[in-house]
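Ready to look at a structure and ask how each label is earned? Have a look at the model first, then follow the questions.

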Amino acid sequence: MDFESFVLAAATADLGDAPAAREHADAVEFRMDLARDPLAALANYDGALPLIVTNRADFEGGEAEDDDARLDALCTAVEHSSVEAVDVELTTASEGGGERVIDHAHANGVSVIVSTHDFAKTPEPPKLRQLLDRACEYGDVGKLAVTARSTDDVLELLAATRASVAGGDRVATMAMGEPGRHSRAVAPLYGSRIGYAPVDPAEATAPGQYDLATLRRLVTELQSDPTED
Ligand SMILES: O=C1C[C@@](O)(C(=O)O)C[C@@H](O)[C@@H]1O
């Protein structure tokens with residue numbers, strides 16, 4: 001997965017959901033931190049959709065303890081032939097020992113998404129650009145998820161997205177929370193390359209997500225050329 005075009009990822013803690021995601025998703029984001037025995041589930045996975053593996057640390061909104069075992073599990077995961085991308089937090093990449101995961105991913109032909117989240121707010125525009133720049137320094141894709149308190153926040157995120165893309169970076173952006181929901185459908189028009197949606201709406205992995213079928217429909221409708229009808 002090189003993220004040259006938009007990838008819709010079905011986020012789940014249960015790889016048994018993968019067949020249900022197939023109709024609408026391009027990939028499955030396997031939230032290893034939310035799964036019971038993630039490496040066993042991975043070893044048994046032979047589904048058609050490629051996997052993005054995420055083992056989100058507790059300091060970044062996930063449930064995995066931030067220890068060596070968390071990163072060891074990611075190193076094992078990227079060796080699986082279905083795994084085509086791995087998600088590493090910016091803090092982990094820059095100062096938390098994530099370099100070995102990134103190197104091992106690349107050695108296995110796996111793309112690296114370096115992500116950063118703000119669960120409280122949308123930082124000021126210069127900070128948004130800085131976070132995306134830094135994430136792109138370490139990752140093949142830099143991902144920024146912020147919390148929108150108003151639609152103005154979304155505008156600023158979209159502007160930062162556009163500017164990063166214009167500067168040649170590959171990014172994924174989304175605004176969490178209710179006022180940010182529409183960003184998930186609109187950000188791809190500004191160059192965001194990954195969208196996340198739960199297969200089961202009751203199992204959302206972030207606030208304000210659309211369900212998978214809805215996000216696919218919205219992204220497709222917004223991207224289609226009306227003159228082609
Ligand atoms: O980082 C992200 C983005 C996300 O937080 C979202 O807002 O859709 C959902 C997570 O599953 C994923 O790892």
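Q: What makes strand E4 largely enclosed by the rest of the structure?
A: Count its buried residues: seven of the seven residues of E4 are buried, so the strand is largely enclosed by the rest of the structure. Keep in mind that this is a predicted model.

Q: Which residues does E4 cover, and how do you know that it pairs with E5?
A: E4 takes in residues 83-89, and five bridges in the parallel sense link it to strand E5, residues 111-117. Two strands pair if there are at least two bridges between them, and five bridges meet that cut-off. For one example, find Asp 87 and look across to its bridge partner in E5, Ile 113.

Q: How do you know that E4 pairs with E3?
A: Here the count is four bridges, again in the parallel sense. One of the matches sets Val 53 against Val 86 in E4.

Q: What do the residues of strand E3 do, and are they buried or exposed?
A: E3 spans residues 51-54; Leu 51 and Val 53 point one way while Ile 52 and Thr 54 point the other way, and all are buried. That fits a general pattern: in a regular strand the side chains alternate between the two faces of the sheet.

Q: What links E3 to E2?
A: Four bridges do, with the two strands pairing in the parallel sense. Phe 30 stands opposite Val 53 in E3.

Q: What joins E1 to E2, and what is opposite Ala 9?
A: E1 and E2 run parallel and are joined by four bridges. Opposite Ala 9 you'll find Ala 27 in E2.

Q: Why is strand E1 called mostly covered?
A: E1 is residues 7-12, and five of its six residues are buried. To be buried, a residue needs 20 or more other C-beta atoms within 10 Å of its own.

Q: What does E1 pair with besides E2?
A: E1 also pairs with strand E8, residues 194-198, over five bridges in the parallel sense. Ala 11 has Pro 198 as its bridge partner in E8.

Q: What order do the strands take in the sheet?
A: Reading across, you get E7-E6-E5-E4-E3-E2-E1-E8, an open sheet of eight strands with parallel pairing.
Q: What makes E7 and E8 the edge strands?
A: Each of them pairs on one side only. Neighbouring strands of this sheet are turned by 25° against each other on average, direction ignored.

Q: Which helices lie across strands of the sheet?
A: Helix H6, residues 125-138, lies across E5, E6 (141-147) and E7, and runs at about 145° to E6. Helix H7, residues 151-166, lies across E6 and E7, at about 175° to E7. Angles here run from 0 to 180 degrees between N-to-C directions, so the 175° of H7 is close to the opposite direction to E7.

Q: Which residues touch the most other members of the largest nonpolar core?
A: Ala 9, Ala 10, Val 28, Val 53 and Val 86 do, in a core of 62 residues. In soluble globular proteins, nonpolar side chains tend to be buried together.

Q: What is Val 28 in contact with, leaving aside its neighbours within four places in sequence?
A: Its contacts include Ala 9, Ala 10, Leu 49 and Leu 51.

Q: Why is Asn 44 called exposed?
A: Asn 44 has 11 other C-beta atoms within 10 Å. A residue with 12 or fewer is exposed, so Asn 44 qualifies. Asn 44 sits in helix H2, residues 38-44.

Q: Why is Ala 40 called exposed?
A: The count for Ala 40 is 10 other C-beta atoms within 10 Å, so by the cut-off of 12 or fewer it is exposed. Ala 40 is also found in helix H2.

Q: Why is Phe 3 called partly exposed?
A: Phe 3 has 18 other C-beta atoms within 10 Å. Buried takes 20 or more and exposed takes 12 or fewer, so 18 falls in between. Phe 3 is in the segment before E1, and has a positive phi of about 60° although it is not a glycine.

Q: How many residues surround the ligand, and what kinds are they?
A: There are 13, the closest being Ala 11, Ala 145, Tyr 196, Thr 205 and Ala 206. The shell divides into six nonpolar, four polar and three charged residues. Strands E2 (27-31) and E7 (171-176) each supply at least two of them.

Note on methods:
Residues numbered from 1 in each chain as written. Predicted model: local features only at pLDDT ≥ 70, side-chain atom pairs only at ≥ 80, totals over all residues. Core = buried A, V, L, I, M, F, W, Y, C linked by C-beta atoms within 7 Å. Contact = placed C-beta atoms within 7 Å. Near = placed C-beta within 6 Å. Nonpolar A, V, L, I, M, F, W, Y, C, P; charged D, E, K, R; others polar.
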